[in-house]
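Me: I have a model to go through with you. Let us take it in short questions, each with a reasoned answer.

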Amino acid sequence: MADVMCMSDLQATAGRLNVDINSIDLDSILLPDGEDCYIISDDEDLEKEKEFEFEKGFGNIILVDNLPVVPKDKFEKLVGVIRKIYSQIGLIKEDGIWMPVDPNTQKTLGYCCIEYNTPREAELAKETTHGYKLDRSHTFSVVMFDDIENFLKVPEEWAPPEIKPYIPGENLQKWLTDEKARDQFLIRSGFDTEVWWNDARQSKPELVHKRSHWTETFVQWSPMGSYLATIHRKGAAVWGGSFDRLMRYEHPEVKLIDFSPGERFLVTCSSQEPINPCDTHKVVIRIFDVRTGKVMREFDGSADEFAIGGTGVVSGVSWPVFRWAGGCEDKYFARIGKNVVSVYETETFSLIDKKSIKVENVVDFSWSPTDSVLAIFVPELCGGNQPARVSLVQIPSKEELRQKNLFSVSDCKMYWQSNGDYLAVKVDRYTKTKRRTYTGFELLRVRERDIPIEVLELENKNDKIIAFAWEPKGHRFAVIHGDNPRPDVSFYSMRSGTITGRVSKLTTLKGKQANALYWSPAGRFIILAGLKGFNGQLEFYNVDELETMAQAEHFMATDVEWDPTGRYVVTAVTSVHEMENGFNVWSFSGKLLYRILRDHFFQFLWRPRPPSLLTAEEEEEIAKNLKKYSKKYEAEDQDVSMLLSEQDREKRKMLKEEWDRWVSEWKRLHEEEKLERQKLRDGGEASDDDEEEYEAKQVEIEELMDVSEQVISY
């Protein structure tokens, strides 16, 4: 963002305006009332909701100073330039630009007033264009029209400001200091949203926070777990610390949200149904500063403009529309347009070099997870005159680092390894007859000199690729290929023993009931999952040893989620199925730890952890001396195990004592009622405790109820 106007600049502008302020014909400008809006965040806010209050003012007008002073014959040209700049930010009302002229010189006075449709658009225009350089001699100084009166009321004598005591905010990372090093997870079922500790040692979760009607649609953790975002009718809200509300973000009818990787910005999207069935959805996307709640940039248009790219289409929008550069710096974000890739920087939220990257027929792109490098895919043109290609482009220089031409391509997908070391390009190619396709991989070694590319083709070219996944922080990848119901799973390495620069095959597992791959975040372990048609088949596999650790089943499982540490994994059955809703918690090796059933179960989310503060060398040192460090935790585990055993023994002892008390009580009642039982036997002396004196017999009695005769003729 541009620097905020200092007080001296504001006073100078106000003083300058004071000369001509009375000459402004305010009656000629239509100024609607300002409007206060707020967001309903939960039930408490619903109860406190009041009618909107309206305040009169000029909140939708800005004043732009330091404009060129031009004669009358250049007046229209200058107005056109101003309109072109400011109409990109919001809707300017008809006759909404007023630029005064000096009656003596017939030249402009160097400033103008711009009237927007809403105060929010005016505020955004001020934040975006204050400090904008029109040319070498003119830098815009922008102020809200409502603020001018306040600047003129600055007292002549300075008074020291009131010093308020510092109140430290709540530590948003406090949950990471848990003594048991537990992770949190969130579940949403029915109208309830709950946050729990995963206490695997106790084989049960521990409740942290619970609230009903916390959100209207879904919830979402920020990428490093600092915030929890909820969705409401008036916009979005974020919560942190002890789950107090930290900020609200006004965006009516918001449908989708997305955080930047460094949690600095929140992207919200709304999509409104068109009045005319022939029209498309109207889409509004806003980018907020997470801490201040300010709108940093707004984009609006039809759904067609935001339907290119993205990983999924929701309400006519390919989401996410904007994708953020890798790392946690949040410097750049980008989107696909028609024949362009538009890359923005977050200092001013404008295009880099004020123009997009022209790429004819571009259909997809992705950022490196760690660097400001774009991978761009362009399909093959009809007739084969121009081949498909994948390009790596450095940002912000826009330098092309590598390009690979691809021929006879029907489809292409790109997969980055988590460290940005490798890029796998899955290419579906036509055969010579154009009747069938086969799949191969172009593997780019991004960190190596000149970015070498290796081609990998399966032994059976006709095998269909069902799933592909890189090992996190590693050099291996897994591929599910073949035809259902029992495809094969192959593992490959980008290294060949101690030699780098060669792809090697590790093993192929034949005939597996799997259609999805889930690597542990720590690497090494992977789950081969058979979801949907495979009814929740699970295989826990150790890739280091190339052996199966366990096989299990979670019937009708729809989701698999590893915890951030890779120690535990959850399989869940969400409400897409009507039965068996709930989740199972497993160890990394496939041991079922506990199971929770919930009706109308919608979401399970592990709380993400921020990146480790340890260096690669420190992590390697810990791995080498793991046995030394593990002794402490093994002792703690043993203590917990003994405690659980003792608790189990105490529980069984209590149940035995309760049973003995119950039996003794019934024996006492039995003895007290002995005389009554003898009276019922007419004083018989038989002991009712001697069960051998009684004999149970079953007697069958037949009784003729009716007889009838009927003559049947043939």
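Me: How far is the sulfur of Cys 112 from the closest cysteine sulfur, and in which residue is that sulfur?
Reply: This is a predicted model. A disulfide needs two cysteine sulfur atoms within 2.5 Å. The sulfur of Cys 112 is too far from its closest counterpart for a bond. The distance is 6.9 Å, and the partner sulfur sits in Cys 113.

Me: Is Cys 112 buried or exposed?
Reply: Buried means under 20% relative accessible area. Cys 112 has a relative accessibility of 0%, so Cys 112 counts as buried.

Me: How many disulfides does a search of the whole structure find?
Reply: The cut-off is again 2.5 Å between cysteine sulfur atoms. The search covers the whole structure, and the count is 0.

Me: Which parts of the chain does the pair Arg 182 and Glu 206 tie together?
Reply: Arg 182 forms a salt bridge with Glu 206, with the closest N and O atoms 2.9 Å apart. The two lie 24 residues apart in sequence. The pair therefore ties the loop between helix H5 (145-152) and strand S9 (184-189) to strand S11.

Me: Which residues are linked with Arg 182 and Glu 206 in a network of salt bridges?
Reply: Arg 182 is buried at 8%, whereas Glu 206 is partly exposed at 37%. Their network also takes in Asp 178, Lys 180 and Asp 199.

Me: Lys 210 forms a salt bridge with Glu 194; which of these is buried and which partly exposed?
Reply: The closest N and O atoms of this pair are 3.7 Å apart. Lys 210 is in strand S11 and Glu 194 in strand S10 (residues 192-199), so the bridge ties together parts 16 residues apart. At 45%, Lys 210 is partly exposed. At 3%, Glu 194 is buried.

Me: Which backbone oxygen does the side chain of Arg 429 reach?
Reply: Arg 429 lies in strand S32 (residues 422-430). Arg 429 counts as buried, at 12% relative accessibility. Beyond its sequence neighbours within four places, its contacts include Leu 406, Tyr 438 and Glu 442. At 3.4 Å, its side chain reaches the backbone oxygen of Phe 407.

Me: Which strands stand at the edges of the open sheet S39-S40-S41-S42?
Reply: This sheet has 4 strands with antiparallel pairing. An edge strand has a single partner, so one side is left without a neighbour in the sheet. That applies to S39 (516-519) and S42 (547-553).

Me: Which residue of S42 stands opposite Tyr 541?
Reply: Strand S41 (residues 537-542) pairs with S42 over 6 bridges, in the antiparallel sense. Opposite Tyr 541 stands Thr 548.

Conventions
Residues numbered from 1 in each chain as written. Predicted model: local features only at pLDDT ≥ 70, side-chain atom pairs only at ≥ 80, totals over all residues. Heavy atoms only, no water. Buried < 20%, exposed > 50% of the residue type's maximum accessible area, 1.4 Å probe, protein only. Polar contact = N/O pair within 3.5 Å; in protein donor to acceptor, adjacent residues only side chain to side chain. Contact = heavy atoms within 4.5 Å. Pairing = 2+ DSSP bridges. Salt bridge = Lys/Arg side-chain N within 4 Å of Asp/Glu carboxyl O.
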